[in-house]
Amino acid sequence: MKKALSIFLLFSVVNTISATDLLVRIFSDHTIQRASLACVLGQYRITDQDGNEIMMLNQNDSITLHAENEGVRLLRNGSKVGVFSKITVMGDGSNTMFRITPEDRTIRPRIYDDHLEISVVDNALRFINIVNIENYIAGVVQSEVRGVQVEGIPADLEFFKVQAIISRTYAMRMINKHRREGFNLCDGVHCQAYFGRNIIPIILEAAKATAGMVVVDGNNNLILASFHANSGGQTMNSEDAWVTEVSYLRSIIDTFSFDMRGSTWQKEFSVDKWLNGLQRLGYDINNPVKRANALNFVQNKRKTHFHGNIRLPDMRRNFNLRSTFFSVRQEGDSVILYGRGFGHGVGLSQEGAARKIRDGFSVEEVLQFYYQDVRVVRIDDLFESMDQQF
């Protein structure tokens, strides 16, 4: 049954990377024509598309990269080294870091662990970070936690373990998302936010302490470990936010998300702007009764639709709302939305999970609260069990 493991084995045209490495496209939301690359720690060997060595990059050394029709133009100290269809930047040793600084100063420089592959796609530089999966998980957790706190106190190690486990589970489940494009994942939120190497020691400790740990359902399948900032007191069924019903992504009452930073919100619109926005979604604002209803809407428990059978997720996108869990009240010439929660509401509430940890619940208890009928396993043990069945 070793073939089953192949869906998780990491692929690459670079034949020297480890089976514990991921290929993650970075700066995926940006178009970068020129950038500098610097060695922050260790030493890097730079090779061309045929594996021939171009140069060594020592600590504090840097090169410049330009996107051209023919490929990547590489310059050192202002002098052209050559143009290559692909450049691979492989670190010598286990502790290497590099920094990418785009010429466009509106894009902030970032520092990453491990290795890098550079090519030109659609007249722009494409950067793929070849990164150890645990270094990647630590970077994801840092990018995704957004300073989660309980009563003003930063989240602790056990919460970061929770986040590391679900981030790893999500990555492993989605590992082939971009395979046809030549990499595993990107750094966009639909894969997972990943904006550089982790610099917070407690997060790296959590990633290492949970290395290889993932969440599976009753059939030993990796779950879709979706999460959000705050549920507002009730999570959402998967089919109510998206399309597909998932057995472990069920709506639950979540009092642990009350009285937190993301628990409540308000947003104000003029009556005209609110009604015009509803009209764009197909709501009949010319009907007097429907017009009046549009200015009065209450959610004490989560609903799936607004008046007129308009899906609440569509309203969230159209009006740029923090969540779909809101009530509406007219006040003079304005419409006030009184909202609860932050995010899509499906799966784990980060702030709720942090509070449960602070209240003494274990990592596994937290995961089993937000995901129904699941368990935590080590990925190696999971596949050993599968081997024994065949």
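Me: Two strands pair if DSSP finds at least two bridges between them. In this predicted model, what makes strand 6 (residues 71-76) and strand 7 (residues 79-84) a pair?

Reply: The two strands share 5 bridges in the antiparallel sense, and the definition asks for at least two, so they count as paired. One bridge sets leucine 74 against glycine 82 in strand 7. The two strands form a hairpin with 2 residues between them, and asparagine 77 in that turn has a positive phi of about 55°.

Me: How do you know that strand 9 (residues 97-102) is largely enclosed by the rest of the structure?

Reply: Buried means under 20% relative accessible area. Of the 6 residues of strand 9, 5 are buried, so the strand is largely enclosed. Its pairing can be described as well. Strand 2 (residues 34-41) is joined to strand 9 by 6 bridges, antiparallel, with leucine 41 bridged to methionine 97. Strand 10 is joined to strand 9 by 4 bridges, again running antiparallel, and phenylalanine 98 stands opposite tyrosine 112 in strand 10.

Me: Why are strand 18 (264-270) and strand 19 (296-297) called edge strands?

Reply: The sheet is open, with 4 antiparallel strands in the order 18-23-22-19. Strands 18 and 19 each pair on one side only, and that makes them the edges. The pairing of strand 18 with strand 23 (residues 334-340) rests on 7 bridges, where at least two are required, so the pair qualifies. In that pair glutamine 266 has tyrosine 338 as its bridge partner. Helix 6 (residues 271-280) lies across strand 18, strand 22 (326-331) and strand 23, at about 95° to strand 18.

Me: What values describe the packing of helix 2 and helix 3 (residues 157-173)?

Reply: Two packed helices are described by the angle between their axes and the distance between the axes. Here the angle is about 115° and the axes are 9 Å apart. The crossing of helix 2 and helix 3 is right-handed. By class, the contact has 11 nonpolar, 2 polar and 3 charged residues.

Me: Which residues of helix 2 and helix 3 meet?

Reply: Contact requires heavy atoms within 4.5 Å. On the side of helix 2, the residues in contact include Ile133, Tyr136, Ile137, Val140 and Val141; among those of helix 3 are Phe159, Phe160, Gln163, Ala164 and Ser167.

Me: How many residues of helix 3 are buried, and how does its reach compare with what is expected?

Reply: In helix 3, 14 of the 17 residues are buried, so the helix is largely enclosed by the rest of the structure. It reaches 24 Å from its first C-alpha to its last, close to the 24 Å expected at 1.5 Å a residue.

Me: Is glycine 139 buried or exposed, and what value decides it?

Reply: Its relative accessible area is 0%, so glycine 139 is buried, the cut-off being under 20%. This glycine belongs to helix 2 (residues 133-145). Leaving aside neighbours within four places in sequence, glycine 139 is in contact with Tyr194, Gly196 and Asn198. Glutamine 350 lies 211 residues from glycine 139 in sequence and 17 Å from it in space, C-alpha to C-alpha.

Me: What makes the phi of aspartate 114 worth stating?

Reply: Most residues other than glycine have a negative phi. Aspartate 114 has a positive phi of about 70° although it is not a glycine. It sits in the loop between strand 10 (110-113) and strand 11 (115-121). With a relative accessible area of 8%, aspartate 114 is buried.

Me: Why is asparagine 220 called partly exposed?

Reply: Its relative accessible area is 22%. Buried requires under 20% and exposed over 50%, so a value in between is partly exposed. Asparagine 220 also has a positive phi, near 65°, and its place is in the loop between strand 16 (213-216) and strand 17 (227-228).

Me: What share of the protein's 390 residues counts as buried?

Reply: The share is 53%. The protein has 11 helices and 25 strands, and its C-alpha atoms fill a box of roughly 75 × 50 × 40 Å along the principal axes. Among contacts between residues at least 6 apart in sequence, 67% join residues at least 24 apart.

Technical notes:
Residues numbered from 1 in each chain as written. Predicted model: local features only at pLDDT ≥ 70, side-chain atom pairs only at ≥ 80, totals over all residues. Heavy atoms only, no water. Buried < 20%, exposed > 50% of the residue type's maximum accessible area, 1.4 Å probe, protein only. Axes fitted to C-alpha atoms, helices over the stretch in contact; angles between N-to-C directions. Left-handed = near helix turned anticlockwise from the far one by under 90°. Nonpolar A, V, L, I, M, F, W, Y, C, P; charged D, E, K, R; others polar. Expected span 1.5 Å × (residues − 1).
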